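Subject: Structure for your review

Dear colleague,

Please find below the structure that I am handing over to you. A summary of the findings follows it.

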Amino acid sequence: MNYDEKSLKLHKESRGKIEVCSKVSLKNQDDLSVAYTPGVAAPCMEIHQDVEKVYEYTSKGSLVAVVTDGSAVLGLGNIGPEAAMPVMEGKAVLFKEFAGIDAFPICLATQDVDEIINTVVNLAPTFGGINLEDISAPRCFEIERKLIEKLDIPVFHDDQHGTAIVTLAALINAFKISGKDMEKSKVVINGAGSAGIAIARLIHAYGFLNIVMCDSKGIISKDRSDLDKYKTEILEITNKNNEFGNLKDAIVSADVFIGVSAANLLSGTDIKSMNVDPIIFAMANPNPEIMPDEAYLAGALIVGTGRSDFDNQINNVLVFPGVFKGALESRAREISVQMKLAAATALADSIPSSELRTDNIIPNAFDKRVVEVVSEAVKNAVSN
């Protein structure tokens, strides 16, 4: 099937993927007077007197802004806000289909950090949550941090935290199968952008203590003088033995490889240099760091990718609908580390032990149990 041709046809024929639909009927003058003037003045004044009532009288509590500047769209790079629109519309469709949440794309014609922050702050009264999407690193870290400080609604950069949560869930189940010791196992993460750094922080919070990170120049170590502040900060929890060298050096005697980088960076020889029964999450899209068949042939116990045509698809769609549903329903002011850990654990546990296999460590994207399982875990984490 040629997905490019089918996608162009779908987008052209439907003129995009989303539309605004009314929740109420307007069939006569009375309907109009209740939904609009003069009746609409009553909820306006109720909210004016108590701003929290905006959640009772408007759609704010179930409305998410999907915000991008078009600087890091999929694997396409800095293609701009207009070209990012199909992806943001797609994200809005996923919110609606999987969690019943209304979402709207906000594609900004600026890549200035302060302008983005100020714009989102000014838009925030309309929305119950902010989903940051496809904003390049390291700018995305500062944007998210400042928005969390300024806003009283949840802000979630899916490229960071959605990826981290689903990766941790898959890792939890992979370790159930492998029997490896989480604290002693060496985890190598290749790719030190938004996803890689978020993965490192979350799996460390869970209990993985021996993590080595690599970027395009090699192992991130204290001996390097070319690190930005975010890579310097990640050294607080990674590379405890101050290893140096390139990716091939890092992966020797490793138990886990997590790739959020580029295609074809690993070979079967690299897999053979790892510890016995290595776990390989090669998540570069559209082509992984190593193809599953080559990794298995070299001795991998479990292989996951970001692709739907292989087993163990490690896909953010398993995470963000449930996380936002739980956060919105609990009126959380932010999405904490405890909420992320709870989401990952619940996602992992949604596969019964009787169904857990090397080719089934993570639920299918269309598993209808997932959104409720994740959202309930998030809500429990908020209440606790």
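Please note at the outset that this is a predicted model. I begin with the overall form, then turn to the salt bridges and close with the helix α1.

Overall form

The protein contains 16 helices and ten strands. Its C-alpha trace extends over about 75 × 45 × 45 Å along the principal axes. For 384 residues, a compact globule would be expected to have a radius of gyration near 21 Å, and the value of 22 Å for the protein agrees with this. Of these 384 residues, 49% count as buried. Among contacts with a separation of 6 or more, 66% are between residues 24 or more positions apart. The exposed surface of the protein amounts to about 18400 Å², of which carbon and sulfur atoms supply 52%.

Salt bridges

In general, side chains of opposite charge can pair when their charged atoms come close. The structure has 26 salt bridges, and three of these pairs are described here.

The first pair to consider is Arg331 with Glu52, whose side chains form a salt bridge with an N to O distance of 2.3 Å. This pair links distant parts of the chain, 279 residues apart: Arg331 belongs to the loop between α14 (320–329) and α15 (337–349), and Glu52 to the loop between α3 (41–49) and α4 (54–57). Are these two residues buried or exposed? Arg331 is partly exposed, at a relative accessible area of 40%, and Glu52 is likewise partly exposed, at 39%.

Another salt bridge joins Asp349 to Lys176, with 3.0 Å between the closest N and O atoms. Asp349 is in helix α15 and Lys176 is in helix α8 (residues 158–178), so this salt bridge ties together parts that are 173 residues apart in sequence. Asp349 has a relative accessible area of 48% and is partly exposed; Lys176, at 45% relative accessibility, also counts as partly exposed.

The remaining pair is Lys231 and Asp215, where the closest N and O atoms of the salt bridge are 3.0 Å apart. Lys231 lies in helix α10 (residues 229–234) and Asp215 in strand β6 (residues 210–215), so the pair connects parts that are 16 residues apart in sequence. Because buried means under 20% relative accessible area, Lys231 falls in that class at 18%, and so does Asp215 at 11%. Both residues also belong to a network of salt bridges that links Asp215, Lys217, Arg224, Asp226 and Lys231.

Helix α1

Which residues does helix α1 comprise, and does its length or its cover call for comment? What can be said is as follows. Helix α1 takes in residues 3–14; at 1.5 Å a residue, its twelve residues should span 16 Å, and the end C-alpha atoms are 16 Å apart, which agrees. The helix α1 is hardly covered, as the count of buried residues among its twelve residues is zero. At the start of α1, the backbone nitrogen of Asp4 has a side-chain oxygen of Asn2 within 3.1 Å. Just after α1, Arg15 adopts a positive phi of about 50°.

Yours sincerely

Notes: Residues numbered from 1 in each chain as written. Predicted model: local features only at pLDDT ≥ 70, side-chain atom pairs only at ≥ 80, totals over all residues. Heavy atoms only, no water. Salt bridge = Lys/Arg side-chain N within 4 Å of Asp/Glu carboxyl O. Helix = DSSP H or I, 4+ residues; strand = E, 2+ residues; numbered from the N terminus. Buried < 20%, exposed > 50% of the residue type's maximum accessible area, 1.4 Å probe, protein only. Expected span 1.5 Å × (residues − 1). Polar contact = N/O pair within 3.5 Å; in protein donor to acceptor, adjacent residues only side chain to side chain. Rg over C-alpha atoms; globule rule 2.2 N^0.38 Å. Contact = heavy atoms within 4.5 Å. Areas by Shrake-Rupley, 256 points an atom, 1.4 Å probe, with all protein chains shown as cover.
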